[in-house]
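I am opening a notebook on a structure that is new to me. I will look things up one at a time and write down what I find.

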Amino acid sequence: MLSQPRSRREFAAWADVPDADWDDWRWQFRNRIATPEQLEAAFPLTTSERDAARRSRDLFRLGITPHWATLIDPDDPQCPMRRQAIPLLDELSTSAFEHTDPLDEDAHRPVPGVVHRYPDRVLLLVTHECPLYCRYCTRRRIVGDHDGNHSDTLHAALDYIRATPAVRDVLVSGGEPLSLGDRRLEEILAALRGIPHVEIVRIGTRAPVAMPQRITPALVAMLRRHHPLWLNTHFNHPLELAPPATRAAMERLVDAGIPTGNQTVLLAGVNDCPVVMKRLLHELVKLRCRPYYLYSCDHSQGLSHFRVPIERGLQILESLWGHTSGYAIPQFVVDAPGGGGKIPLLPDYRAGEGLLRNFEGRLFRYADAGSAGPPAPAPCPQCGGRHGPHAPEPFTATAR
Ligand SMILES: *Cc1c(COP(=O)(O)O)cnc(C)c1O
Ligand code: SF4
């Protein structure tokens, strides 16, 4: 396994590129490896990779930033960075339970640019383009589509949010929202900030991983004008956090008061190892990035070679709880097929009546406080309302 990024001098195509170009995100974006020929010129490929790359137009768009290419070990077909970015023929095999829209997002789209699945928050999809096309992408059916984003779509999406007072949290997503320029992004953020009921804005981005050059001082200065703003990153492997440009990008964000949280997808052959996972989580915490979600890979088509059994995910969580800082432990979630939403999963530490199991496997008696019982009919002394243990809020999704 490669433990350090390679120098760009090792790539014939980029050996003579001046720093000023390499460090410019627009150069990184424009110079993505996007064709089978470019991929073959950059790496010795296996037969499966070469055939899959040639058919990638029918599968899912090919796109690898020069930055990401330096993370790939050219001599190791099992390299985790390679698995995430270079297609394999396995993508052609589909199972009966797989869908093109496994999360049924289309049914929860009141307008094309919005996914409204939960009562108080929405996804705002601002672009379908990404600097790096991750082979396991959930939205592989729409991401990578050039004609996907029009300003009409965006206007209709903002109108929907404006007209829906229940929405207090907007997650700006895509595609890669940071593939838009600063000015366009600022227009979107300013429009959201102009909506009184939108309390917080989050940006979901893989730019610090795929194209850290994007996190410029100018971008960060713009973002901080729109607080409270949170940023969700997407790191899957500790090597992704090794490049100095990525570390500088993460520091710059947090120094601007932007809290960062990380989502990881649990992927076979990438991070389904407790040692690799813990190293990733520790590296994140060192950069003041809080591990947020660990996703079980969903049921998009052609991803069987990436899926990890839920039981294995739970074992990885067990290897973390009590063994390392609580700050380093993400929530393990399954995004339920058919649009059920995220379902959190935790190893069960209850070991029968009155017994709990600790992280070392030892059993402890614990006298619980009686039964939870039916909801009290009296007003709650804390909030004054009448509610059961769940306090469900009324929510009717306004699907088309
Ligand atoms: C994940 C997701 C959100 C955000 O959920 P949080 O649990 O608040 O991070 C919102 N909308 C959709 C459709 C999602 O998939
Ligand atoms: S960056 Fe996100 S949206 Fe883009 S290909 Fe990767 S997982 Fe999909």
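**Entry 1: two helices.** The model is a predicted one. I began with helix H8, residues 151-162, and helix H9, residues 182-193. Their axes are 10 Å apart, and the helices pack at an angle of about 20°. Angles under 35 degrees count as roughly parallel. H8 and H9 are therefore roughly parallel to each other. I also looked up the hand of the crossing, and it is right-handed.

Which residues make the contact? From H8 I noted Ser151, Leu154, Leu158, Ile161 and Arg162. From H9 I noted Arg184, Ile188, Ala191 and Leu192. I then sorted the residues of this contact by kind: 6 are nonpolar, 1 is polar and 2 are charged.

**Entry 2: aromatic pairs.** Next I turned to the rings. How many aromatic pairs does a search of the whole structure find? The search gives 8.

I looked up Phe60 and Tyr133. Their ring centres are 5.6 Å apart and their planes stand at 80°, so I wrote the pair down as edge-to-face. Where do the two residues lie? Phe60 is in the loop between helix H5 (56-59) and helix H6 (66-69). Tyr133 is in the loop between strand S2 (121-125) and H8. The two parts are 73 residues apart in sequence, so the pair ties together distant stretches of the numbering. I checked accessibility for both. Phe60 has 3% relative accessibility and counts as buried. Tyr133 has 1% and counts as buried.

Then I took Tyr293 and Tyr295. The ring centres of this pair are 5.6 Å apart, with planes at 65°, so the pair is edge-to-face. Tyr293 is buried, and Tyr295 is buried too.

I also found a cluster. Ring pairs link its members, which are Phe11, Trp14, Trp22, Trp27 and Phe43.

**Entry 3: residues in two strands.** I looked up Asn232 and found it in strand S5, residues 229-233. Is Asn232 buried or exposed? Its relative accessible area is 8%, so I put it down as buried. I left aside neighbours within four places in sequence and listed its contacts. They are Leu171, Arg202, Ile203, Gly204, Thr205, Gly261, Gln263 and Tyr292.

Ile200 came next, in strand S4, residues 200-204. Its relative accessible area is 18%, and Ile200 is buried. The cut-off for buried is under 20%. Not counting residues up to four places away in sequence, Ile200 touches Arg168, Asp169, Val170, Arg193, Pro228 and Trp230. I also looked up its separation from Ala20. The two are 180 residues apart in sequence and 35 Å apart in space, C-alpha to C-alpha.

**Entry 4: cis peptide bonds.** I looked up two of these. A cis bond joins Gly174 and Gly175, with omega about 15°. Gly175 sits in the loop between strand S3 (169-173) and H9. Another cis bond joins His227 and Pro228, with omega about 0°. Pro228 sits in the loop between helix H11 (217-223) and S5. Pro228 is also one of the residues that Ile200 touches.

**Entry 5: positive phi.** Which phi does Asp104 have? It is positive, about 50°, although Asp104 is not a glycine. I placed Asp104 in the loop between helix H7 (80-85) and strand S1 (114-118). At a relative accessible area of 29%, Asp104 is partly exposed.

Arg288 is not a glycine, and its phi is positive at about 60°. I found Arg288 in the loop between helix H13 (274-286) and strand S7 (289-296). Its relative accessibility is 42%, and Arg288 counts as partly exposed.

**Entry 6: Phe306.** My last lookup was Phe306, in the loop between S7 and helix H14 (310-318). Its relative accessible area is 1%, so I entered Phe306 as buried. What does Phe306 touch, not counting residues up to four places away in sequence? I listed Arg83, Arg135, Tyr136, Leu266, Leu267, Ala268 and Cys297. I also looked up how Phe306 stands to Thr94. The two are 212 residues apart in sequence. In space they are 12 Å apart, C-alpha to C-alpha.

How values were computed
Residues are numbered from 1 along each chain as its sequence is written. Chains are lettered from A and ligands numbered from 1 in the order in which they are written. This is a predicted model: local features need pLDDT of at least 70, side-chain atom pairs count only at pLDDT 80 or more; totals for chains, interfaces and linings use all residues. Side-chain values use heavy atoms; hydrogens and water are left out. Axes are lines fitted to C-alpha atoms, for helices over the stretch in contact, and angles run from 0 to 180 degrees between N-to-C directions. Helices (H or I, at least four residues) and strands (E, at least two) are DSSP runs, numbered from the N terminus. Angles under 35 degrees count as roughly parallel, over 145 as roughly antiparallel, 65 to 115 as roughly perpendicular and the rest as oblique. A crossing is left-handed if the near helix is turned anticlockwise from the far one by less than a right angle, and right-handed if clockwise. Contact means heavy atoms within 4.5 Å. Ala, Val, Leu, Ile, Met, Phe, Trp, Tyr, Cys and Pro count as nonpolar, Asp, Glu, Lys and Arg as charged, and the others, Gly among them, as polar. Rings of Phe, Tyr and Trp (its six-membered ring) pair if their centres lie within 6.5 Å; planes under 30 degrees apart count as stacked, over 60 as edge-to-face and the rest as tilted. Buried means under 20% relative accessible area, exposed over 50%, partly exposed in between (1.4 Å probe, protein chains only).
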